[in-house]
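Open the model in your viewer and keep the selection panel at hand. The stops below go one element at a time.

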Amino acid sequence: MNPVPKSYSAKPAEAHADRKWWVIDAEGKPLGRLASQVATILRGKNKPTFTPHVDTGDFVIIVNAQKVALTGRKLEQKQYVRHSGEPGGFRTEAYGHLLERKPELPIVKAVKGMLPKNVLGRELITKLKVYAGPDHPHAAQKPQPLA
């Protein structure tokens, strides 16, 4: 009789020691496809050591966030919506204006929406670093460009 193979479960200390840094250039890439790729890397689903309840993912640096592509007429039609909680506090803003004002926010919101809505998701989003231009201050971490 063959013994039952054991399931692998990553330990937080092992996962923390195995983290890498990746750089992604967002220029001309569609927002949703970029966000799903980044969410997969942050979560660690691209690794064979993936464990659902442990942060096994890597750090991701996104540069040129202001040049991310939105297909169709989304720059004018897609709305960023928020509410202050006060009566009459509903605010909307077109993504075209939002990209001019805060070019990092659309990417952060898209990725955050693809992560778990719990403590683990809030930890994972801190490993995402988004910059509007081509420069970033993380050269000391020796990030590798993601193909």
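The tour starts with a strand and ends at a pair of helices.

This is a predicted model, in which local features need pLDDT of at least 70, side-chain atom pairs count only at pLDDT 80 or more, and totals for chains, interfaces and linings use all residues. Residues are numbered from 1 along each chain as its sequence is written, and side-chain values use heavy atoms, with hydrogens and water left out.

**Stop 1: strand 1.** Select residues 21-25. Helices (H or I, at least four residues) and strands (E, at least two) are DSSP runs, numbered from the N terminus. Of the 5 residues here, 4 are buried, so strand 1 is largely enclosed by the rest of the structure. Buried means under 20% relative accessible area (1.4 Å probe, protein chains only).

**Stop 2: its partners.** Add residues 59-63, strand 2: it runs parallel to strand 1, joined by 5 bridges. Pairing requires at least two DSSP bridges between two strands. Find W21; its bridge partner in strand 2 is F59. Now add strand 6, residues 144-145, which pairs with strand 1 in the parallel sense over 2 bridges. There, Q144 stands opposite W22.

**Stop 3: helix 2 and helix 5.** Select residues 31-43, helix 2. Then show helix 5, residues 105-112. The axes (lines fitted to C-alpha atoms over the stretch in contact) lie 8 Å apart, at an angle of about 55 degrees. That makes helix 2 oblique to helix 5. Oblique covers angles that are not under 35, over 145 or from 65 to 115 degrees.

Which residues of helix 2 meet helix 5? Show L31, L34, A35, V38, A39 and L42; they meet P106, I107, A110 and V111 in helix 5.

Conventions
Buried means under 20% relative accessible area, exposed over 50%, partly exposed in between (1.4 Å probe, protein chains only). A crossover is right-handed if, with the strands pointing away from the viewer, the path from the first strand over the helix to the second runs clockwise. Axes are lines fitted to C-alpha atoms, for helices over the stretch in contact, and angles run from 0 to 180 degrees between N-to-C directions. Contact means heavy atoms within 4.5 Å.
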